[in-house]
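Dear colleague,

I am handing over the structure we spoke about, and below it I have set out what was found when its helices and pockets were examined. Please read the notes with the model open beside them.

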Amino acid sequence: MTPQNANKQAKVEAAVRTILEAFGEDPDREGLQETPARVYRMFEELLATTTAPHFTDYKLFHSPLNQGQLVTVADIPFYSLCEHHMLPFFGSVTVAYLPQHEEIIGLSKIPRLVNYASHQLNVQERLTNMIGQEMEKIVDPAGVAVITKARHMCMEMRGVKTHESQTTATYFSGQFQTDPDLRRDFLLQHYGH
């Protein structure tokens with residue numbers, strides 16, 4: 001472990017101990033002794049994108065046959081943390097794009113992009129936009145559509161306690177933005193609305 005990571009881990013563990021003590025818990029009791037280290041490892045995983053500022057885990061392929069044909073990867077599961085309460089929100093993402101320039105992205109790389117975008121403190125709207133904007137940078141398609149559907153624990157566990165409600169956010173660019181028939185057909189095909 002680098003000295004920088006050891007310092008980061010010590011800070012997180014001390015903060016968790018402080019929180020436990022503030023709520024009347026004994027961080028040294030059985031069951032909580034390893035909690036600060038576990039919380040550090042959890043945040044290290046769930047916030048991994050903050051240490052990887054650029055998404056590079058993709059490959060492009062030459063494919064003149066796909067030009068202008070819709071490519072969709074639907075119902076990609078994701079988990080992220082709300083930046084307002086640091087509670088989870090989770091759901092699914094559907095990503096579609098219209099290839100141009102005879103290039104397509106490897107299909108398995110789209111779920112990797114979703115994972116990359118979700119492993120940081122987030123709001124659903126920014127997560128949705130980030131996925132769409134990254135697809136534009138990587139593939140330069142004729143259009144991108146992204147839909148995220150999510151349950152937010154900050155709404156279900158606290159506050160208004162709206163159990164199992166879903167929030168939807170969308171991102172449309174290029175032909176998905178300018179062609180209402182294409183956008184409507186895409187929405188009907190994937191969500192029936």
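The lining of the largest pocket divides into twelve nonpolar residues, with no polar and no charged ones. Please keep in mind that this is a predicted model. The residues in question are Val12, Ala15, Val16, Ile19, Phe23, Val39, Met42, Phe43, Leu46, Leu81, Met86 and Pro88, and the space they line comes to about 350 Å³. Helices α1 and α2 each supply at least two residues of this lining.

The second largest pocket holds about 170 Å³ of space, and its lining is mixed in class, with five nonpolar, three polar and two charged residues. Asn5, Lys8, Val12, Tyr40, Phe43, Glu44, Leu47, Ala48, Thr50 and Thr51 make up that lining. Here, too, α1 and α2 are the elements that give two or more residues. Val12 and Phe43 are listed in the lining of the largest pocket and also in that of the second largest pocket.

As for the helices themselves, α1 covers residues 3-22, and its 20 residues should span 28 Å at 1.5 Å a residue, which agrees with the 28 Å between its end C-alpha atoms. Which residues of α1 are buried? They are Gln9, Val16 and Leu20, and because they cover an arc of only 40 degrees around the axis, they lie on the same side of α1. The general background is that an α-helix has 3.6 residues a turn, so residues three or four places apart point the same way. On the other side of α1, Pro3, Gln4, Lys11 and Ala22 are exposed. The buried residues of α1 pack against α2, which runs over 35-46. Val16, one of these buried residues, is also among those lining the largest pocket. After α1 comes Gly24, whose phi is positive, near 85 degrees.

For α2, the twelve residues should span 16 Å at 1.5 Å a residue, and the end C-alpha atoms are 16 Å apart, which agrees. Its buried residues are Thr35, Pro36, Ala37, Val39, Tyr40 and Phe43, and they pack against both α1 and β2, the latter being residues 71-82. Of these buried residues, Val39 and Phe43 also appear in the lining of the largest pocket, while Tyr40 and Phe43 appear in that of the second largest pocket.

With best wishes

Definitions and conventions: Residues are numbered from 1 along each chain as its sequence is written. This is a predicted model: local features need pLDDT of at least 70, side-chain atom pairs count only at pLDDT 80 or more; totals for chains, interfaces and linings use all residues. Side-chain values use heavy atoms; hydrogens and water are left out. Helices (H or I, at least four residues) and strands (E, at least two) are DSSP runs, numbered from the N terminus. The expected span of a helix is 1.5 Å times one less than its number of residues. Buried means under 20% relative accessible area, exposed over 50%, partly exposed in between (1.4 Å probe, protein chains only). The arc is that of the directions from the helix axis to the C-beta atoms. Contact means heavy atoms within 4.5 Å. On a 1 Å grid over the protein atoms alone, a cavity is a set of points where a 1.4 Å probe fits but cannot get out, and a pocket is an open set with protein on both sides within 12 Å along at least five of seven lines; lining residues have an atom within 4 Å of a point. Grid points are joined across faces, edges and corners, and a volume is the space filled by probe spheres set on the points. Ala, Val, Leu, Ile, Met, Phe, Trp, Tyr, Cys and Pro count as nonpolar, Asp, Glu, Lys and Arg as charged, and the others, Gly among them, as polar.
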